[in-house]
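Welcome, and thanks for taking a look at this structure. Below is a short briefing that goes topic by topic, so keep the view open beside you as you read.

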Amino acid sequence: MKTYNHLFPTIYAFDALYAAYKRARRGKRHLPEILRFESNLESELIQLQNELIWGEYQTGPYRLFYVHKPKKRLVAALPFRDRVVQHALHAALEPIWEPRFIHHSYACRPGKGMHAGADTAQKWLRDIERHYGKAHVLKADVRKYFASINRRILFRLLARRIRCPGTLALCRDILASWRHGLPIGNLISQLWANVYLHELDKFAKQTLRARRYIRYMDDFVIVHPDKAQLHHWRRQITAWLRASLKLELNRKTQVFPVARRHGRALDFLGYRMWAHRRRLRPDAIKRMHRRMRQMQGQYASGEINFADIRQRIASWDGHARRAHSYGLRQQLFTRYAFTRSTHNG
């Protein structure tokens, strides 16, 4: 097994920290915290560099808040200087693991994403239906994944590849900065969460020989023509996760046929899909209606302009276009008119 020994200088080098700062500020340059950091940029980066070199760096305090869409989650945000450090660490670690991840792991990876994952899953449904008549799926997700990650196991997985004391010390400090598991909101949490479940990926592909296995963070699907085989794999995966990674599957984990008749849709990656049809999830449609009404009010009061509205709609429209949604999109875009209140001009 190849290991890496001299990573730390590539993390604390001034050029590396400067590049990390540029990535960390992307899309957020207007925020007061970042403007303060930029006003004394060279000194801030040199201070970070010295703290890392002399082993004095400690992860700062988290700011906690909840997001409620698509579901309620506690998010932890670090000060900007700590986000710069995590971008530098991520740049050093990602090239080690990225080539080792399986092809069909789609979350938080370059060139992957939800749409590519949904396309793959639907292609497999078509393939199975064409060759065997009906596709069955094992649809599963890990219960409270980020909070349930065992940090000792994770650190052991990191240390298999990393032999650099400074880099390991930085990883240990970041892990110790949170009370349990990994915080949602840390950049490095996304990579480490993939490192952790890469062990499941290897078990599914190499031990179970599950050919059509796909994962998006803690959600995974196996497509197969034989329902009994999927139930057998479900039991094996459940036992292996508990013994090897101290994780439990969510109670909603199920094996079922995917079909328009005598079956149901596969609800995965923002879509309800069958072999030859794909629809948006009803809760996503409701959220977009709420967002459109909210933007109507903001536009009427002068809080946003029409360019802001177009930008916000474009992302949803790009997602919706990948489903059978033409009528829905036409209805949505004609239903909501954007007018300004007279006192706003």
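A good place to begin is methionine 217, which sits in the loop between β4 and β5. Please keep in mind that this is a predicted model. Methionine 217 is not a glycine, yet its phi is positive, near 55°. From there we can move to the strands around this loop, then to a few individual residues, and finally to two pairs of packed helices.

**The turn at methionine 217 and its strands**

- Methionine 217 has a relative accessible area of 8%, so it counts as buried, the limit being under 20%.
- β4 and β5 make a hairpin, and the turn holding methionine 217 leaves two residues between the two strands.
- Strand β4 covers residues 213–216 and runs antiparallel to β5, with four bridges joining them.
- Within this pairing, tyrosine 213 has isoleucine 222 of β5 as its bridge partner.
- Strand β5 (residues 219–224) also runs antiparallel to strand β3 (residues 135–141), and here six bridges join the two.
- In that second pairing, histidine 136 stands opposite histidine 224 of β5.
- As general background, strands of a sheet pair through backbone hydrogen bonds, in either a parallel or an antiparallel way.

**An open sheet of three strands**

- Another place to look is an open sheet with the strand order β7-β8-β9, where the pairing is antiparallel.
- Its edge strands are β7 (266–268) and β9 (278–280), each of which pairs on one side only.
- Going from one strand to the next, the twist averages 25°.
- Three bridges link β7 with strand β8 (residues 271–273) in the antiparallel sense.
- Leucine 266 is found opposite methionine 273 in β8.

**Buried residues in helices**

- Alanine 193 belongs to helix α10, which spans residues 187–207.
- Its relative accessible area is 0%, so alanine 193 is buried.
- Beyond its neighbours within four places in sequence, alanine 193 is in contact with Tyr145, Phe146, Ile149, Leu182 and Met217, and the last of these is the turn residue of the β4–β5 hairpin.
- The C-alpha atoms of alanine 193 and aspartate 218 are separated by 8.4 Å, while the two residues are 25 residues apart along the chain.
- Threonine 167 has its place in helix α9 (residues 165–176).
- Threonine 167 also counts as buried, because its relative accessibility is 0%.
- Not counting residues up to four places away in sequence, threonine 167 touches Leu7, Phe8, Ile11, Leu89, Leu93 and Ile162.

**Two loop residues**

- Isoleucine 102 lies in the loop between α5 (80–97) and α6 (114–132).
- With a relative accessible area of 15%, isoleucine 102 is buried.
- Setting aside neighbours within four places in sequence, isoleucine 102 contacts Arg109, His198, Asp201, Lys205 and Tyr213.
- Isoleucine 102 and proline 79 are 23 residues apart in sequence, and their C-alpha atoms are 33 Å apart in space.
- Arginine 209 is placed in the loop between α10 and β4.
- Although arginine 209 is not a glycine, its phi is positive, at about 60°.
- Is arginine 209 buried or exposed? Its relative accessible area is 65%, so arginine 209 is exposed.

**Helices that pack together**

- Helix α13 (residues 306–320) and helix α14 (residues 326–335) pack at an angle of about 160°, and their axes are 11 Å apart.
- That angle makes α13 roughly antiparallel to α14.
- The crossing of these two helices, α13 and α14, is right-handed.
- On the α13 side the contact is made by Ile313, Trp316, Asp317 and Ala320, which meet Leu328, Arg329, Leu332 and Phe333 in α14.
- The residues in this contact of α13 with α14 are six nonpolar, two charged and no polar.
- Helix α3 (residues 32–39) packs with helix α4 (residues 41–53) at an angle of about 90°, and their axes are 5 Å apart.
- This makes α3 roughly perpendicular to α4.
- Phe37, Glu38 and Ser39 in α3 meet Leu41, Glu44, Leu45 and Leu48 in α4.
- By class, the contact of α3 with α4 contains four nonpolar, one polar and two charged residues.

Conventions:
Residues numbered from 1 in each chain as written. Predicted model: local features only at pLDDT ≥ 70, side-chain atom pairs only at ≥ 80, totals over all residues. Heavy atoms only, no water. Pairing = 2+ DSSP bridges. Axes fitted to C-alpha atoms, helices over the stretch in contact; angles between N-to-C directions. Buried < 20%, exposed > 50% of the residue type's maximum accessible area, 1.4 Å probe, protein only. Contact = heavy atoms within 4.5 Å. Parallel < 35°, antiparallel > 145°, perpendicular 65-115°, else oblique. Left-handed = near helix turned anticlockwise from the far one by under 90°. Nonpolar A, V, L, I, M, F, W, Y, C, P; charged D, E, K, R; others polar.
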